[in-house]
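User: I'd like to understand the labels people put on this model, not just read them off. Let me see the structure and then I'll ask.
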Amino acid sequence: MVRKSLEYGEHQERTVRIAPNLNVIKIGGHGTVDFGSTVLLPLLDEIRQLKEQYEMLVVVGGGVRVRHVMDIGIDLGMPTGILAELTGDVSTQNTKMVAALLAQDGGIRVEVTEIMDIPMLMKMGLLPIMAGTPPYSYFEEPSPGSVIPQHRTDTGAFLAAEVIGAKTCTLLKNVDGLFTENPFVNPEADLIKKISAEELLDLNMDDMVLERKVVELLVNAKNIREVRIINGHTRGTLESALKGENPGTIITAE
């Protein structure tokens, strides 16, 4: 299967959508959880209210503690695979807290390896909550010019949505979407409402609000052909996104 002449599955344009009505919602660790109750609780209340109308998988990121353990690991000379394993533990911690907060509303924590159980959980009326770090763990691929793992929690949310054939993938941040520059550094930066993955990669931004790996993977995705970025601090943006509107930025596969 390594021969260039072997066109095996090359022209397959459709794959089975295991959960075609599922909306993958990624709560950032740095952008949401780290802000504590003032930001996280209102967002979870909105999710609680939307749960009856929309099928959702909540994916949770790591945040500032990831940066802390990464700094220590890099200082000690840890290889990329060890760093991926260490940082994954942080998103698991945040996932446990979110699952506890939503437990009375059917929130249930699932391991990334249990993703095939999600359709069954949805039929039971439960709300699955999963850590965002994808299970590459020790087998994380080396990063070009760096030891930092490329597959982090934005990427994990996207990959979960793609493999299960979800309806949508939405990343919640602490800004209104993707800007031409970091809006905290330059308040005059323009919001990009819609852009293709290739156009975004060509911009070669120094500071992108989502992981570059998501944009690279989106180009060849079979099921998820767009990713939404919205502000998780603003009430109503999640509902708007689930309705198919664009309250932030849409990145398309083409």
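User: Why are H68, D71 and D75 called exposed in α2?

Analyst: Exposed means over 50% relative accessible area, buried means under 20%, and partly exposed sits in between (1.4 Å probe, protein chains only). H68, D71 and D75 land in the exposed class, on the other side of α2 from its buried residues. Keep in mind that this is a predicted model: local features need pLDDT of at least 70 and side-chain atom pairs count only at pLDDT 80 or more, while totals for chains, interfaces and linings use all residues. Numbering starts from 1 along each chain as its sequence is written, and side-chain values use heavy atoms, with hydrogens and water left out.

User: How do you know that the buried residues of α2 line one face?

Analyst: The buried ones are V66, M70 and G73. Looking down the axis of α2, they fall within an arc of 65°, so one face it is; the arc is taken over the directions from the helix axis to the C-beta atoms. As background, an α-helix has 3.6 residues a turn, so residues three or four places apart point the same way. That buried face packs against α3 (80-101), where contact means heavy atoms within 4.5 Å.

User: What makes α2 count as a helix, and what span is expected for it?

Analyst: Helices are DSSP runs of H or I with at least four residues, strands are runs of E with at least two, and both are numbered from the N terminus. α2 covers residues 64-75, so its 12 residues clear that minimum. The expected span is 1.5 Å times one less than the number of residues; for α2 that is 16 Å, and the model reaches 17 Å from first C-alpha to last, which is close. After α2 comes G77, with a positive phi near 80°.

User: How does α3 do on that span, and what do its buried residues pack against?

Analyst: α3 has 22 residues and reaches 32 Å, close to the 32 Å expected. Its buried residues include L83, V90 and V98. They pack against α1, β2, α2, β3 (107-110), β4 and α5.

User: Why are β1 and β5 said to pair?

Analyst: Two strands pair if DSSP finds at least two bridges between them, and β1 (residues 22-27) and β5 have five, so they qualify; they run parallel. I27 stands opposite L172 in β5. β5 (residues 168-173) also pairs in the parallel sense with β9 (residues 226-231), over four bridges, where L172 faces I230 and T170 faces R228. Six of the six residues of β5 are buried: T168, T170 and L172 point one way, and C169, L171 and K173 the other.

User: In which sense do β9 and β10 pair?

Analyst: Antiparallel, over four bridges, with β10 spanning residues 249-252. There R228 stands opposite I250.

User: What makes the crossover from β1 to β2 right-handed?

Analyst: First, the strands: six bridges join β1 to β2, and they run parallel. The chain goes from β1 through α1 (residues 37-50) to β2, a right-handed β-α-β crossover. The label applies because, with the strands pointing away from the viewer, the path over the helix to the second strand runs clockwise. Five of the six residues of β2 are buried, so β2 is largely enclosed by the rest of the structure.

User: What earns a group of residues the name nonpolar core?

Analyst: It has to be a set of buried Ala, Val, Leu, Ile, Met, Phe, Trp, Tyr and Cys residues joined through side-chain atoms within 4.5 Å. The largest one here has 37 residues, and L22, L200 and L210 touch the most other members. Among the elements that each supply at least two residues are β1, β5 and α7 (212-218), while α5 gives the most, five. A second, separate core of 22 residues includes I25, L50, L172 and A241.

User: Why is H233 called partly exposed?

Analyst: Its relative accessibility is 31%, so H233 falls in the middle class. H233 sits in the loop between β9 and α8 (237-242) and touches G31, T32, F35, V39, K173 and N174, leaving aside residues up to four places away in sequence.
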